[in-house]
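Thanks for sharing this one with me. I have put together a few points to look at with the model open beside you.

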Amino acid sequence: MKEQLEAIRSEALDKIVQVEDIKVLQEIRVTYLGKKGSLTSVLKGMGKLSKEERPVIGEIANKVRDAITTALNEKIQKLEEAALEKQLNQETIDVTLPGRPVNVGGAHLLTSIVEEIEDLFIGMGYEVREGPEVETDYYNFEALNLPQNHPARDMQDTFYITNELLLRTHTSPVQARTMLEYKGEKPFKMICPGKVYRRDTDDATHSHQFRQIEGLYVDENVRMSDLKGTLDKFAKKMFGEDRNIRLRPSFFPFTEPSVEMDISCKVCHGEGCNVCKGTGWIEILGGGMVHPKVLEMAGYDPKVYSGFAFGMGTERIAMLKYGVSDIRAFYTNDVRFLKQFHQA
Ligand code: 2U9
């Protein structure tokens, strides 16, 4: 029996040394140590041994079982470690490899310009307001002192939807709505950026859809000098502290008196050159004191309140600031054009 046990030990250990597969090792465990395994069947025959032999053989059998178990466990552990090592090596990440570049977009130039102008006016106490692009004839024209038969109401200039509804031709109805909301009682400062629509033929300087930013300040004792100071601040912040402004008389139905504002040419500083067509000045926006009729229609007493208003084309501001010569570049979205204005 002793010889049998020794044979089992050496056969099992030989196999364990040779096998390189965990599954096969588990099968070896069953073959030698399982319920029907060869070691177990030898032990079953121990009943036939004498009293003296039994503990001796029992001890040998235990040693054989321990030797096989230890050899199996060690080999399985060794194979598992090797498998893990192999997997870790395969999954190694080289952190020194350069990353794949990610295409990062950026704000459209017009969006950036609007945000810049908003920040500037918010800093001067203005609120930013928006309103509908489909407007009523009343808010777009009537409330702004553009009565029936006024030439600006012409079908040639306005996209009418019905007799009463139209695509707004300016952002001024947002201001009319705000004044009505404040019921003729509250002084306020507001700007309203937004899209407007006009029946123009598109070319380098015209678009049937463009953007405006308009401003309105209503309070007691608002004067033309307040408008001039505000617009001077705007022009210098937007185009550079070395730029000057001038106001020229003009006409708008909703302001009286009305003005147009020029800034000094950045190329010739007022001397006259090609850029400013020899005048030394470039027109950038319009404005004026709110017409008493407009104040009155919106519920503000023109004897108590006065106000100034101004309006500018956002695209025009962007074109002048960045030297863009064709307004259509803003809408065709060629990334080569757009990318130039992305901040790093
Ligand atoms: C209310 C009262 C007055 C808004 C004004 C202008 C002058 C102006 C143009 C500039 C270029 C429009 O984009 S553009 O074609 N705008 O010159 N806008 S005053 O005046 C208002 C608005 C609302 C209640």
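The points below cover a pocket, a surface patch and some backbone details.

1. Please keep in mind throughout that this is a predicted model.

2. The second largest pocket holds about 200 Å³ of space. Its lining has 14 residues, and the closest to the pocket centre are E130, P193, G194, K195 and R211. Two or more lining residues come from each of α5 (109-122), β4 (188-197) and β5 (209-219), with α5 giving the largest share, 4 residues. By class, the lining of this pocket has 6 charged, 5 polar and 3 nonpolar residues.

3. On the surface, have a look at V134, I161 and L165, which make a nonpolar patch of about 230 Å². V134 belongs to strand β2 (residues 134-136). With a relative accessibility of 40%, V134 counts as partly exposed, because that class lies between the 20% and 50% cut-offs.

4. The peptide bond between E256 and P257 is cis, with omega about -5°. You will find P257 in strand β7 (residues 255-264).

5. Which phi sign does N149 have, positive or negative? N149 is not a glycine, yet its phi is positive, at about 70°. N149 sits in the loop between α6 (137-140) and β3 (165-167), and it is exposed, with a relative accessible area of 77%.

6. K183 also deserves a look: its phi is positive, about 55°, although K183 is not a glycine. The loop between α7 (172-181) and β4 holds K183. At 60% relative accessible area, K183 is exposed.

Key. Residues are numbered from 1 along each chain as its sequence is written. This is a predicted model: local features need pLDDT of at least 70, side-chain atom pairs count only at pLDDT 80 or more; totals for chains, interfaces and linings use all residues. Side-chain values use heavy atoms; hydrogens and water are left out. On a 1 Å grid over the protein atoms alone, a cavity is a set of points where a 1.4 Å probe fits but cannot get out, and a pocket is an open set with protein on both sides within 12 Å along at least five of seven lines; lining residues have an atom within 4 Å of a point. Grid points are joined across faces, edges and corners, and a volume is the space filled by probe spheres set on the points. Ala, Val, Leu, Ile, Met, Phe, Trp, Tyr, Cys and Pro count as nonpolar, Asp, Glu, Lys and Arg as charged, and the others, Gly among them, as polar. Patches are made of residues with over 30% relative accessible area and no salt bridge: like charges are joined within 9 Å, nonpolar side chains (Val, Leu, Ile, Met, Phe, Trp, Tyr) within 5 Å. Accessible areas come from the Shrake-Rupley method with a 1.4 Å probe; for residues, only the protein chains shown count as cover. A salt bridge is a side-chain nitrogen of Lys or Arg within 4 Å of a carboxyl oxygen of Asp or Glu. Buried means under 20% relative accessible area, exposed over 50%, partly exposed in between (1.4 Å probe, protein chains only).
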